[in-house]
Amino acid sequence: MAARLVSRCGAVRAAPHSGPLVSWRRWSGASTDTVYDVVVSGGGLVGAAMACALGYDIHFHDKKILLLEAGPKKVLEKLSETYSNRVWDACSEALIMFDKDNLDDMGYIVENDVIMHALTKQLEAVSDRVTVLYRSKAIRYTWPCPFPMADSSPWVHITLGDGSTFQTKLLIGADGHNSGVRQAVGIQNVSWNYDQSAVVATLHLSEATENNVAWQRFLPSGPIALLPLSDTLSSLVWSTSHEHAAELVSMDEEKFVDAVNSAFWSDADHTDFIDTAGAMLQYAVSLLKPTKVSARQLPPSVARVDAKSRVLFPLGLGHAAEYVRPRVALIGDAAHRVHPLAGQGVNMGFGDISSLAHHLSTAAFNGKDLGSVSHLTGYETERQRHNTALLAATDLLKRLYSTSASPLVLLRTWGLQATNAVSPLKEQIMAFASK
Amino acid sequence: MWSGRKLGSSGGWFLRVLGPGGCNTKAARPLISSAVVLSITERRVLKSPTYNCGFVYFSFHFFYVKNQLSGTLQIKPGVFNEYRTIWFKSYRTIFSCLNRIKSFRWSFTSVAQAGVQWCDLGSLQPPPPGFKRFSCLSLPSHWDYRYPWARLYSTSQTTVDSGEVKTFLALAHKWWDEQGVYAPLHSMNDLRVPFIRDNLLKTIPNHQPGKPLLGMKILDVGCGGGLLTEPLGRLGASVIGIDPVDENIKTAQCHKSFDPVLDKRIEYRVCSLEEIVEETAETFDAVVASEVVEHVIDLETFLQCCCQVLKPGGSLFITTINKTQLSYALGIVFSEQIASIVPKGTHTWEKFVSPETLESILESNGLSVQTVVGMLYNPFSGYWHWSENTSLNYAAYAVKSRVQEHPASAEFVLKGETEELQANACTNPAVHEKLKK
């Protein structure tokens, strides 16, 4: 703890010298700026949800919250689905099925726009406590002095692009993996780029099915995943190399559909050695644990793709060394950025919200200064432990499945089959992922 | 909570200051010189039992023994409070650097608290001839009556230099440094605020979400920099914070002025409890005396005054330290004699007060003790915990009876929170006279 504090103090000291966004100006005298209790910078899924959580918190009834969103207000309508999850390897026959036999849903796939619409509606309902400013981007943050001084304001000052200024007791950074808040505070970010981009598209299935299974196949170039949206629609997330991704986005629709289908069905990457080894272990497992082998379900095939729905974005990993500083907290992608192969990115962000809202609620009920580090570090400890494990696991999986070298393929084949056979382990994984 | 950067900066500063010829800050020069001069002259004074203020002895003893400095710079008695704070913190950081043991922080803090908290000197016996007599009830200067050593300088003018005042202000702001010397007090809020809040909520039939203590009038006696006053204000109560130390009130005032909500709910005053007893009799729903009764010279009078300002049925909250073998072992033997973290003679175990003593005084004043619960500080984590064991720190909650009998004959049960009871047994003839009137 001493080391962490020392490093934090070192970073705090270094902050004034790094970057044009940092300024340690002392604000003297009384200011006529509005003093907000909490300002959430970034109105995406995670930022809006944070503002909502605080707005509906019983101990925040007399607090003032501000949400800053750089984009315009969005209103839309769509559907949501439930799903289970099937994942398998392209280089072998190994597969793992995550299923919930009882009637509880394992998880939900909800479209981004649907969530945003719901959050916007909820925010309007608490507009007496939560103010939302659209098309506002903070261009400068001014931090209070680390040592309390007589005539300087202890709050964080925020200047928007249009010149208006606010003060706040706590600034929450929810502004994505290129977080301006994180850079302004000077928090170190451990990050590297995967040499992969993800292509997302909306696909029409060739035949309407009870579409409640998410499919993911690990190709050597990267995983391809089909996530159900409705009986006829599915969402595609295909992580592959930059060149291939660019190709996929620019090729015409017929070819694209063919590429998607072959990615799901092709056996081109199988080798006999691996197939034999895999079959051996499968036989052994079935001896030890005879189970009713249900007919293997096959992924749906794709008929066509929605026009103009193909987009690509680069992938990388990022993890902030600290989630909190005095009067600052990071949530969502600002704190951690992950590969989409496990579908955990925004889920970790929602977990951050749940933890931070709980800590802030307790602090508010204890009459504490919301920007005080003592309860913010509680949030940081709780979430760093959870997120670091998940980030490491996702990165490991990504690296493990990015190769077609035989030893590693053998390892992961047997590993996947063994994991599939051990139901308690699968249940643990499901529980952790859906926390 | 163990602030690494504080160790670096103030420890280094202190070393520079103490080093040969190394007085390179304006504040340091008068500080060290005063320390030296005072330490030499005060030893003789301090041997008199009348001036038995543990902190004073500690600080000057320390500087006399440890610092063989020579200095003849001008003495500024008015700055002693600030210097004490600096001395304590610097002293503490030096030893923490050397020992790297966090566990002594609490004992430091208790000493530091003793140092910066209220020491009512109005109850001291008449000074030796040649020294002007000060009454705590008249305020010739906001410095003089508070500190026994200030009497030696009664003839010197306390010219309040605005530069010095600024320095003091900057130093007095250590109150609000959550990783500084007051860190344990900040973290104690995690226990004492819920304790006060939950017990007061029992008396409020319907409370508003977000402002649970709305409508309550609370008096925070010995509020210091306002560490406990502000959370109570945030919970909706109207709080009056009083402290006899002027710069503490200035700090508190300054800190709350930045928050428009708190600015309206909290009021600070520089005064002692006795001074406002008459004008505020029976006006408060609750009185909070946290980490204060161990610095009060006359405990009985103090508790009497607390009772007088409470409405019938009002609540009294006290936190202080128990007088036990354990507090002797940890607070005195271990900290002072074995580890030499605190110089010998800093704490006087005889001055600690047990819950039983406190209860009996409270009962005799018409307060009924509802709860006494122990508090334990973990110096490694920096957090406080509730405990069944009240042998170190404890908290007490008492309620004034609704049927008000004559204070002299009524039995009040006080459940006070006594974390550090270092009640200096000075009596104040002037206060007694006034109360008898």
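At 3% relative accessibility, K256(B) counts as buried, where buried means under 20% relative accessible area, exposed means over 50% and partly exposed lies in between (1.4 Å probe, protein chains only). That residue opens the exercises below. The model is a predicted one, in which local features need pLDDT of at least 70 and side-chain atom pairs count only at pLDDT 80 or more, while totals for chains, interfaces and linings use all residues. Residues are numbered from 1 along each chain as its sequence is written, chains are lettered from A and ligands numbered from 1 in the order in which they are written, and side-chain values use heavy atoms, with hydrogens and water left out.

**Exercise 1. Salt bridges within chain B**

Find the salt-bridge partner of K256(B), and say whether that partner is buried or partly exposed.

Solution.
- Start with the criterion: a salt bridge needs a side-chain nitrogen of Lys or Arg within 4 Å of a carboxyl oxygen of Asp or Glu.
- Next, look around K256(B): its partner is D263(B), with the closest N and O atoms 3.2 Å apart.
- Then classify the partner: D263(B) has a relative accessibility of 34%, so D263(B) counts as partly exposed.
- For practice, take E267(B) and R269(B), which form a salt bridge with closest N and O atoms 3.0 Å apart.
- Here E267(B) is partly exposed at 37%, and R269(B) is partly exposed at 24%.
- Elsewhere, salt bridges with shared partners link D37(A), K169(A) and D259(B) into one network.

**Exercise 2. A salt bridge between chains**

Locate the two ends of the salt bridge between K368(A) and D190(B), and describe how covered each residue is.

Solution.
- Check the distance: the side chains of K368(A) and D190(B) meet at 3.3 Å, N to O.
- Place the ends: K368(A) sits in the loop between α8 (345–365) and α9 (373–400) of chain A, while D190(B) lies in helix α7 of chain B, and the pair therefore crosses between chains. Helices here are DSSP runs of H or I with at least four residues, strands are runs of E with at least two, and both are numbered from the N terminus.
- Compare with the accessibility cut-offs: K368(A) is buried at 15%, whereas D190(B) is partly exposed at 24%.
- For context, a search of the whole structure gives 18 salt bridges over all chains.

**Exercise 3. A buried arginine without a salt bridge**

Work out which side chain of opposite charge is nearest to R192(B), and what R192(B) touches.

Solution.
- Find the residue: R192(B) belongs to helix α7 (residues 183–201) of chain B.
- Set the charges: Lys and Arg count as positive, Asp and Glu as negative, and His and the chain ends are not counted.
- Look for the nearest opposite charge: this is E291(B), 5.3 Å away, and the buried R192(B) has no salt bridge.
- Try a polar contact, meaning a pair of N or O atoms within 3.5 Å; within protein, one must be able to donate a hydrogen and the other to accept it, and residues adjacent in sequence count only if both atoms are side-chain atoms. The side chains of R192(B) and N189(B) have one, at 2.9 Å.
- List the contacts (heavy atoms within 4.5 Å): leaving out residues up to four places away in sequence, R192(B) touches L185(B), L227(B), L228(B), S290(B) and E291(B).

**Exercise 4. A buried tyrosine in chain A**

Describe the surroundings of Y194(A), including its polar contact with D395(A).

Solution.
- Place the residue: Y194(A) is in strand β11 (residues 189–205) of chain A, and is buried at 3%.
- Collect its contacts beyond four places in sequence: H242(A), L315(A), G316(A), L317(A), H339(A), D395(A), K398(A) and R399(A).
- Pick out the pair with L315(A): 121 residues separate Y194(A) and L315(A) in sequence, yet the C-alpha atoms are 5.7 Å apart.
- Add the polar contact: the side chains of Y194(A) and D395(A) are joined at 2.4 Å.

**Exercise 5. A covered helix, then whole chains**

State how many residues of helix α2 in chain A are buried, and what they pack against.

Solution.
- Count: helix α2 (residues 45–55) has 10 of its 11 residues buried, among them L45(A), M50(A) and L54(A).
- Name the neighbours: the buried residues pack against β2 (35–41), β3 (65–68), α3 (112–125), β7 (130–133), β10 (165–173) and α8 of chain A.
- Step back to the chains: chain A has 11 helices and 19 strands, with 50% of its 435 residues buried.
- Chain B has 15 helices and eight strands, with 63% of its 437 residues buried.
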